[in-house]
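Here are a few exercises to work through with the model open in your viewer. Try each task before you read its solution.

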Amino acid sequence: MILSCQNISKAFHEKCILKNVSFHIEDYDKAAIVGINGAGKTTLLKMITGDLEADEGTVALSREKSLGYLAQHQSLDSTNTIYDELLSVKQGLIQLESRIRETELKMKSASPTELEKLMESYSLLTHQFESGGGYSYRSELTGVLKGLGFAEQDFSKPISTLSGGQKTRVALGRLLLLKPDLIILDEPTNHLDMSSITWLETYLLNYKGAVIIVSHDRYFLDRTVNKVIEIDQTRATVFQGSYSDYAHKKEILRAAQLKAYMNQQQEIRHQEAVIARLKSFNREKSVRRAESREKMLKKTELLEKPAESHSDMHITLAPKCISGNDVLYTENLSKSFDALHLFSHIGFRLQRGEHVALIGDNGTGKTTILKMINGLLEPDEGTIRIGSNVHIGYYDQEHHVLHMEKTLFEEISDDYPSLSNTEIRSTLAAFLFTGEDVFKRIGDLSGGERGRVSLAKLMLSEANLLILDEPTNHLDILSKEILEDALNHYTGTVLYVSHDRYFINRTASRILELSGKGLTSYLGSYDYYMEKKQELAQTAAETPESNAAAPPEKESASKLDWKEQKELQARLRKRENELKRIEDRIEHLENRDAELDTLMSQPDVCTNVARLQELSLEKETISEELTELMERWEALGAEE
């Protein structure tokens with residue numbers, strides 16, 4: 001065991017944040033700490049690292065074990081370049097290397113007696129150098145920097161010129177190279193693109209020490225952790241397994257807790273009714289029995305009602321009108337900013353009802369494409385055509401659509417003057433802004449709160465084409481799930497940019513990947529996209545000669561066989577519609593069959609032979625149709 005936390009409690013200004021929190025981390029554990037925003041996750045990390053004192057309980061790190069912590073926000077202040085900053089971690093090896101060179105020089109002119117001592121020293125130094133990774137530390141350093149998204153030309157950039165996100169990546173690189181026995185990471189994927197996140201997953205899976213992660217990236221957690229510590233209503237519960245295992249077990253546990261709570265409440269009501277009835281008899285014996293039951297009832301340890309599986313945030317997205325089938329058409333789009341070239345001659349189409357994720361590495365131009373569609377930027381070349389009867393709703397990750405000087409109430413009322421005060425307050429309450437919150441300035445809100453205001457405006461817009469730029473940034477896991485459910489029930493068209501692979505997996509029916517090669521379309525979820533990418537990579541690896549001989553081909557979604565894609569989508573929609581129709585018909589027939597059973601048991605029917613025969617014949621017909629429907633339903637299910 002590397003870390004033990006026993007009965008930790010912490011309160012701020014008499015508000016209890018954590019109470020009797022206990023868990024332990026084994027030497028090679030990869031553990032996640034999850035919970036809604038404000039649950040106390042970062043507070044718990046600070047107590048583990050010693051930056052905060054627990055009010056009660058103990059935090060114990062095993063003797064001679066080292067700990068490294070990556071905070072969510074970094075203020076890295078250094079005059080070093082990126083490369084030199086990470087190289088400073090290997091200062092011990094650099095000094096060893098210097099001593100080895102010095103010893104080699106001395107050995108050239110040493111006497112036989114001195115040479116023997118120098119040889120012993122040289123052997124010891126080279127052994128230390130080799131066991132410490134001295135022959136590979138520079139390649140390891142380069143691998144970490146490239147894995148975290150830094151190109152070789154970035155290595156010489158001074159730390160002082162970097163953005164906050166870049167500094168966080170440098171700090172993460174330093175921490176990984178230090179290789180402490182326990183790494184603690186607070187939202188490590190916030191400033192990483194997809195390829196860097198994938199690299200970090202692999203690194204952590206192969207890491208020889210223990211890892212604790214706080215993250216809202218469910219896909220990342222699913223691939224890296226074997227233990228989940230949930231902070232909920234000040235308490236901690238430990239679940240073994242991946243994030244998906246935790247989510248499944250949590251739902252089962254919550255259902256059991258809710259059932260136990262409902263059963264207890266029913267029993268309490270029953271006992272109260274019995275007590276009231278006994279007292280109403282107004283006899284000494286009955287009163288004593290009532291008093292005895294009251295005493296037993298008071299001794300009952302009341303169960304708490306489990307929290308709702310979703311938070312109180314309510315999102316309903318519904319288009320005001322139906323657009324034409326062709327929602328958006330783009331062709332030959334090109335864009336550069338001075339010397340920075342983003343993309344050339346790309347294009348794609350959106351059909352009504354599609355939910356499309358636009359993905360790619362940072363800096364490829366994804367947000368630029370969304371801004372061009374919204375008319376906020378002009379393409380250098382190319383065509384953008386919006387379909388008939390299309391109304392766009394735009395969610396901007398930087399929240400430029402919000403007015404920083406306005407209050408929340410003014411932000412809604414100015415854009416939707418027809419809404420009454422009550423309607424505006426109800427809308428804001430659905431996004432957790434109640435009471436005096438509605439008079440806060442937009443500029444004073446956190447990133448997550450601004451995100452919720454933007455979502456509220458999006459809900460009111462009643463648009464039939466939603467364009468979303470990183471909609472899950474700053475949302476906790478419960479809020480993400482609510483947004484996912486809202487998008488999955490949305491009948492309009494959606495185009496969004498996101499690095500949240502779990503979110504993409506749940507909401508996208510098609511993926512557009514933007515890269516240096518162009519824009520490539522993949523029909524299906526993120527898992528399908530990854531599977532297809534691996535197949536293509538494997539095929540390319542197996543046929544190197546043909547690949548080398550063939551000229552590079554620019555892959556563009558606009559040049560793919562669009563007719564074939566539409567036919568496939570039509571077949572998928574037809575299958576889903578038929579499944580829904582069959583399921584509705586099965587439910588109707590099963591309900592009718594139950595009604596017939598009830599009818600046939602009634603006294604006036606069971607004695608009427610003609611009526612019984614009529615109902616029996618109907619039951620036989622229902623049974624035959626149900627058999628046929630179930631066979632067709634199973635066949636459609638097998639086509640997945």
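The structure holds 36 salt bridges, a salt bridge being a side-chain nitrogen of Lys or Arg within 4 Å of a carboxyl oxygen of Asp or Glu. Before you start: this is a predicted model, where local features need pLDDT of at least 70, side-chain atom pairs count only at pLDDT 80 or more, and totals for chains, interfaces and linings use all residues. Residues are numbered from 1 along each chain as its sequence is written, and side-chain values use heavy atoms, with hydrogens and water left out.

**Exercise 1.** Work out where E104 and R101 lie and how many residues apart they are.

*Solution.* Start with the pairing: the side chains of E104 and R101 form a salt bridge, 2.9 Å from N to O. Next, place them: both lie in helix α3 (residues 91-108), three residues apart, or about one turn of the helix. Helices here are DSSP runs of H or I with at least four residues, strands are runs of E with at least two, and both are numbered from the N terminus. Last, check the surface: E104 is partly exposed at 26% relative accessible area, and R101 is partly exposed at 41%. The cut-offs are under 20% for buried, over 50% for exposed and partly exposed in between, using a 1.4 Å probe and protein chains only.

**Exercise 2.** Do the same for R288 and E284: find the helix they both lie in.

*Solution.* The closest N and O atoms of this salt bridge are 2.9 Å apart. Both residues sit in helix α10 (residues 284-299), four residues apart, again about one turn. Now the exposure: R288 is partly exposed at 47%, while E284 counts as exposed at 61%.

**Exercise 3.** Find the residues that are linked in a network of salt bridges.

*Solution.* Look for R218, K480, E484, D485, D500 and R506, which are linked in such a network. As background, side chains of opposite charge can pair when their charged atoms come close.

**Exercise 4.** Which residues have the most contacts inside the largest nonpolar core?

*Solution.* First, the term: a nonpolar core is a set of buried Ala, Val, Leu, Ile, Met, Phe, Trp, Tyr and Cys residues joined through side-chain atoms within 4.5 Å. The largest one has 91 residues, and L185, L204, L466, I504 and I511 have the most contacts inside it. Then zoom in on L204: leaving aside neighbours within four places in sequence, L204 is in contact (heavy atoms within 4.5 Å) with K30, L176, L185, V211, I213 and F220.
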